[in-house]
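Biologist: I'd like to learn how to read a model like this one. Can we go through it feature by feature?

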Amino acid sequence: MTDEKESFNKGIAVRFAPSPTGPFHIGSVRTALYNFLFARKNGGKFLLRIEDTDKERSTKEFEENIFDSLKWLGLDWDDKDHLLRQSERTAVYTQKIHELIEKGAAYISKESEGKNKEVIRFKNPGGKIKFQDLIRGEVEMDVSDLEDFIIARNINEPVYHLTVVVDDMESEITHIIRGEDHISNTPRHILILEALGGSRPIYAHLPLVLAPDRSKLSKRKHGESVSLNFYKNAGYLPEAIINFLAMVGWNPGTDQEIFTINELIKDFDIKKVQKKGGIFNIEKLDWLNREHILKQSKNLQIERLKGEILKTKFKDYEKVGDPEFLDKFLVIILDRIHRWGEVSEILEAGEFDHLFIDKPELNKEIIHWKKSTPEKARENLEKVVQIFNEEKTLEIIWTKIEKLAEERGKGDVLWPLRYALSGREKSPDPFTLIKIKGVKASISSILSAIEKLS
RNA sequence: GGCGCUAUCGUCUAAUGGUUAGGACACAGCCUUCUCAAGGCUGGAAUCGGGGUCCGAUCCCCCGUAGCGUCACCA
């Protein structure tokens, strides 16, 4: 244990200490991230601790969700064999409570109201507590109005304020990096810490991640969009979520916007963390996510694309298994999505039915270009079919169609062609369509358009 | 309400005691173009208010104001 510790620089240790009382919160992701970045940047330890003293609300499912989420995000924690789970440490806390009582720093208090008739209260010495905050500078609070606050429901059931302090002491946490909503808890923690004879860590209180209405993100008020799962399911990449959250409240002082986790580690500086809370701006996340999708390897992109198609009505189409088809489809889909979940949404909306179904439904009225006539459209389509029949390779076919379009008017040739192929007023260009559909399906689509015009 | 934190474009932010206050997202226009998407270019858009200090304050100080957080036998 000692040897292991010495391999870490300056003995720096931070912790991320979530409660498994709900789905992993997006604000927690950022707290975890900043702790992680700080530890990795400074060669310290990044510890995980499960704060499940609230037996009523803590569940194993939510705990699993914490582990899974951190792994998915790539925020790997240290000392996995020594993970502290507060529900397993009551003996330690009980001993500390006894210690505090013996020292006269705490006492058993008879209650006239509340759940328990007897609780353990901390004997508040009053006065002012001053502490240094890495982000906010000096913070001073009068602790008198806290009165004798409760540190345990009974001798065997400690409350958060006590467990935090005991565990941070045990893990030798040097820097406590947590949300701003804990500022007002800090004097309490310092009081307990001093009574226990611990040495004071350095505090850093992060600004909050806010909802668009500038209030703290909460499940009650803002629904499922506060949980990490929501973003995972919507097809956001962990890289993008990390990149985005890192930039809410911090920036490197340069114009760089796109970061990998390693670049973040390299540039991270807790002193540059903002004091002001930042709004979770999903439009910027969307943009960043697209940038990160574009950075993925082609194999990964194809694999993901296929997975998304398998979620849709086209899951049984044989094209889904055709690597060549996927390859071509990928090109047009990458221009159109910000997150992978959009693939199935677009597909279900029918926007790309024509890529799976050879002959799309056509509306006679719009086969011809707006500025032209049905007669011209038919003539041109017939000429296109002729080209298809005369030539063999796609390149030559396309060169001839282009030439035809030059001669007879681009809109007059290309609009009917594109509409015949797609059955949609808005679609990728006809050449792309032909490549994806194949020559055979393309011809039959065009023929059915001609038929419709006859 | 007490206590605390905060204050630069709509949003995330940069900057300095002296700048045309910079970038990104979003938005608008233009270009490209048969349509859409993508892409390129251009544009509009900010220092909360009032006092100081100073030759000069967005920046430093004070006072307001506003927003947020917190005031549990939750964490």
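Biologist: Let's start with R214: is R214 buried or exposed?

Modeller: This is a predicted model, so keep that in mind throughout. To judge burial, you count C-beta atoms around a residue: 12 or fewer within 10 Å means exposed, 20 or more means buried. R214 counts as exposed because it has 10 C-beta neighbours inside 10 Å. R214 sits in the loop between β12 (209-210) and α7.

Biologist: What is the phi of R214?

Modeller: Here's the general idea: most residues other than glycine have a negative phi. R214 has a positive phi of about 70°, although R214 is not a glycine. D79 has a positive phi too, near 50°, and D79 is likewise a residue other than glycine. You'll find D79 in the loop between α3 (60-73) and β3. D79 counts as partly exposed because 16 C-beta neighbours lie inside 10 Å. Then there's E172, just after helix α5, with a positive phi of about 55°.

Biologist: While we're at α5, which of its residues are buried?

Modeller: When you look at a helix, remember that residues three or four places apart point the same way, because an α-helix has 3.6 residues a turn. Helix α5 covers residues 160-170, and its buried residues are L162, T163, V164, V165, V166, D167 and D168.

Biologist: Now α7. Where does K219 lie, and what does UniProt place there?

Modeller: K219 is in helix α7, which covers residues 219-222. The unreviewed UniProt entry places a "binding site" feature at K219. K219 is partly exposed, because it has 13 C-beta neighbours inside 10 Å. Leaving out residues up to four places away in sequence, K219 touches G22 and V226.

Biologist: On to strands. How is the sheet with β4 ordered?

Modeller: One general thing to carry along: in a regular strand the side chains alternate between the two faces of the sheet. Here four strands make an open sheet in the order β4-β5-β8-β9, with antiparallel pairing. β4 (106-110) and β9 (157-158) are the edges; each has a single partner strand, so one side of each is left without a neighbour in the sheet. β4 and strand β5 (residues 118-122) are joined by five bridges and run antiparallel. If you want a pair to find on screen, S109 stands opposite V119 in β5.

Biologist: What order do the strands take in the sheet with β1?

Modeller: That open sheet has three strands, ordered β1-β2-β3, and the pairing is parallel. β1 (13-16) and β3 (84-85) stand at the edges with a single partner strand each, so one side of each lacks a neighbour in the sheet. Two bridges join β2 (residues 45-50) to β3, and I50 stands opposite R85 in β3.

Biologist: And why is β11 largely enclosed?

Modeller: Count its buried residues: four of the five in strand β11 (residues 202-206) are buried, so the rest of the structure largely encloses the strand. β11 pairs in the parallel sense with β10 (residues 175-179) over five bridges. Y203 in β11 is the bridge partner of I176.

Biologist: Let's zoom out. Which domains does chain A have?

Modeller: The domain assignment gives domain 1 (89-206), domain 2 (219-293), domain 3 (296-351) and domain 4 (364-453). The centres of domain 2 and domain 4 are separated by 45 Å, taken over C-alpha atoms. The unreviewed UniProt entry also places "domain: Glutamyl/glutaminyl-tRNA synthetase class Ib catalytic" at residues 110-287. Over residues 110-287, the chain is 31% helix and 22% strand.

Biologist: Last one: how many residues surround RNA strand B?

Modeller: There are 61 residues around RNA strand B, and the closest are E51, G114, G278, K410 and D429. The elements that give two or more residues to that surface are β7 (137-142), β8 (150-154), β13 (278-279), α11 (282-295) and α18 (410-422). The largest share, five residues, comes from α18. By type, the residues near RNA strand B divide into 17 nonpolar, 16 polar and 28 charged.

How values were computed. Residues numbered from 1 in each chain as written. Chains lettered and ligands numbered in written order. Predicted model: local features only at pLDDT ≥ 70, side-chain atom pairs only at ≥ 80, totals over all residues. UniProt positions renumbered as here; feature names shortened; annotations may be inferred. Contact = placed C-beta atoms within 7 Å. Domains from an automatic or database assignment. Near = placed C-beta within 6 Å. Nonpolar A, V, L, I, M, F, W, Y, C, P; charged D, E, K, R; others polar. Pairing = 2+ DSSP bridges.
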